[in-house]
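This report is meant to be read alongside the sequence and the model. It takes up selected features in turn, with one small table.

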Amino acid sequence: MNKRIIPFVACLSFAISFTVISAQTGEPKQAPKRIAVKAGRLIDTKTGAVTNNAVIMIEGDKITAAGPDVAVPAEVEVIDLKDKTVMPGLIDCHTHMTSQPGNYYEDIFRKSPIDVAVTAHVYARRTLEAGFTTVRDVGAGEFIDVALRNAINRGDVVGPRMQVATLTVGATGGHGDTNGFSPYLKFGGFSGLADGVDEIRKLIRFEVKYGADLIKMLATAGVLSEEESVGAPQFSQEEMNAIVDEAKMWGKRVAAHAHGAEGIKRAVRAGVTSIEHGSLIDDEGIKMMKERGTYLVADIYNDDYILAEFAKLGYPEKIIEKERMVGRTQRENFRKAAKAGVKLAFGTDAGVYPHGWNAKQFAHMVKWGLTPTQAIQAATISAADLLGWNDKVGVIAPGAFADIIAVDGDPLNDVTELERVKFVMKGGVVYKAAK
Ligand SMILES: [Zn+2]
């Protein structure tokens, strides 16, 4: 969606188990805290198998052991989740932590990036408390996403692990531009607009310089913006190739916002890692994505929210018409792509609808063709693979971050259990304690 963002300061306290004296400095040095989590049922996200009465051993921010035969040493803290189903923290690969649905014109004309910056931390906490311990944030203004990510990493703010894309890379007059207004109306701030190979390369260098973890390209027109046809490509093949080539040179992956069939194919051909939305994909596009292993990140819940709330959200009629046109087709095409074996990762476009509602999309993924296990894998192991964080997040295994959630029931039977997460740990620190 669009272009604004946020940081801030909350406090979190790290519990410390005991203290040792450093031989080198004589200063007290904190030994990593050790915790044992007792899980009634533990989901293995790689296989979908469930182990009863498992133990997860944690030291500092990492998992050191997990399984049914892991002994619990006498001196460690025990967290009792014996009446719960335990699994790795969830991953949302398409968020905008710096936006929240408000009113279209109010947001454009009455809010500044500072408004965005002072509220983003609220959404970050909400997302974490909903069980999403990692997000890939795909587009924010003014590098607020970088500031938020850094504040979370320092421990100043509570929120998920973040990969951030900074400014969306788009064409003049395209989805990332502010369209439909007087040419005399100008907004300040950093621009993510670039036309032609040279401008594109320069913009990507600028984004990487100031903290981008990945690059977000706007390959086609969008829904929640006033430019014309929702599916039209907005970069030439040459421009898309340059985006991916330049990003690759800096070690960055590219996510392509793409609704229309031709733009999707150009982006896949250019070598993007993921297609976001994918609404109007055709059979050839599905085949290309499967062959190349390109991920589809389809936000198949948020139309429900937008269409139900559109009066309040204040979108122009043109945008609502686009939304009506695209919503159902996108879901049918999601089912087709899933059936064809395209790689899927979970991404919701949270920010277009309220943060913390991320898990509502699981039920839609099941409705449109996935098993609950596949939907969970999209938000764990597959998402981790898309982020390049395999074995660090999305699994409960030795060496992975101690990012752990728990629910009361069995999400493999009823995936809506994930909408009611009762326990959240990130990096060995409990952010929501089970009652
Ligand atoms: Zn988006």
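## A lysine in helix α4

K202 is found in helix α4, and with a relative accessible area of 64% this lysine is exposed, because exposure is counted from over 50%. The model discussed here is a predicted one. In this model the C-alpha atoms of K202 and E246, which are 44 residues apart along the chain, are separated by 9.1 Å.

A second approach of this kind involves A49, which is placed in the loop between β3 (34-43) and β4 (50-59). A49 and L412 are 363 residues apart in sequence, yet 9.7 Å apart in space when taken from C-alpha to C-alpha. With a relative accessibility of 38%, A49 counts as partly exposed.

## Cavities

How many cavities of 30 Å³ or more does the structure hold? There are 2 cavities of that volume, and the largest cavity has a volume of about 150 Å³. The lining of the largest cavity is made up of 18 residues, and those that lie nearest its centre are V223, H259, H277, D299 and D349. The elements that give two or more residues to this lining are α8 (302-313) and α9 (317-340). Sorted by class, the lining of the largest cavity has 6 nonpolar, 8 polar and 4 charged residues.

D349 deserves a further look, since this aspartate, listed among the residues nearest the centre of the largest cavity, also has a phi near 70°, a positive value in a residue other than glycine. D349 is placed in the loop between α9 and α10 (360-367), and at 5% relative accessibility D349 counts as buried, because the limit for burial is under 20%.

A positive phi is also found at E142, where the angle is near 55° and the residue is again other than glycine. E142 lies in the loop between β8 (132-137) and α3 (144-154). Is E142 buried or partly exposed? Its relative accessible area is 25%, and E142 is therefore partly exposed.

## Aromatic pairs and charges over rings

A search of the whole structure finds 12 aromatic pairs, and two of the pairs are set out in the table, with the distance taken from centre to centre and the angle between the planes.

| Pair | Arrangement | Distance | Angle |
|---|---|---|---|
| F109 and F181 | edge-to-face | 5.2 Å | 85° |
| F190 and F206 | tilted | 5.6 Å | 55° |

Which parts of the chain does the pair of F109 and F181 tie together? F109 lies in helix α1 (residues 104-109), whereas F181 lies in the loop between β9 (161-164) and α4 (196-209), so the pair ties together parts that are 72 residues apart in sequence. F109 is partly exposed, with a relative accessible area of 41%, and F181 is partly exposed as well, with a relative accessible area of 25%.

The pair formed by F190 and F206 is tilted, with 5.6 Å from centre to centre and 55° between the planes. It links distant parts of the chain, with F190 in the loop between β9 and α4 and F206 in helix α4, 16 residues apart. F190 counts as partly exposed at 45% relative accessibility, and F206 counts as partly exposed at 26%. Ring pairs also link F190 and F206 with F143 and Y210 into a cluster.

Rings take part in contacts with charged side chains too. The charged end of R161 sits over the ring of F401, at 3.7 Å from the centre of that ring, and K360 lies over the face of W357, at 4.7 Å from the ring centre.

## The two faces of helix α7

In helix α7 (residues 283-292), the residues G285, I286, M288 and M289 are buried. Because they cover an arc of only 165° around the axis, these residues are on the same side of α7. As background to this pattern, an α-helix has 3.6 residues a turn, so residues three or four places apart point the same way. Which exposed residues does the face of α7 turned away from its buried side carry? That face carries D283, K287 and E291.

Terms used
Residues numbered from 1 in each chain as written. Predicted model: local features only at pLDDT ≥ 70, side-chain atom pairs only at ≥ 80, totals over all residues. Heavy atoms only, no water. 1 Å grid on protein atoms, 1.4 Å probe; cavity = no way out; pocket = protein on both sides within 12 Å on 5 of 7 lines; lining within 4 Å. Points joined across faces, edges and corners; volume = space filled by probe spheres on them. Helix = DSSP H or I, 4+ residues; strand = E, 2+ residues; numbered from the N terminus. Nonpolar A, V, L, I, M, F, W, Y, C, P; charged D, E, K, R; others polar. Phe/Tyr/Trp six-rings, centres within 6.5 Å; stacked < 30°, edge-to-face > 60°. Buried < 20%, exposed > 50% of the residue type's maximum accessible area, 1.4 Å probe, protein only. Lys NZ or Arg CZ within 6 Å of the ring centre and 35° of its normal. Arc of directions from axis to C-beta.
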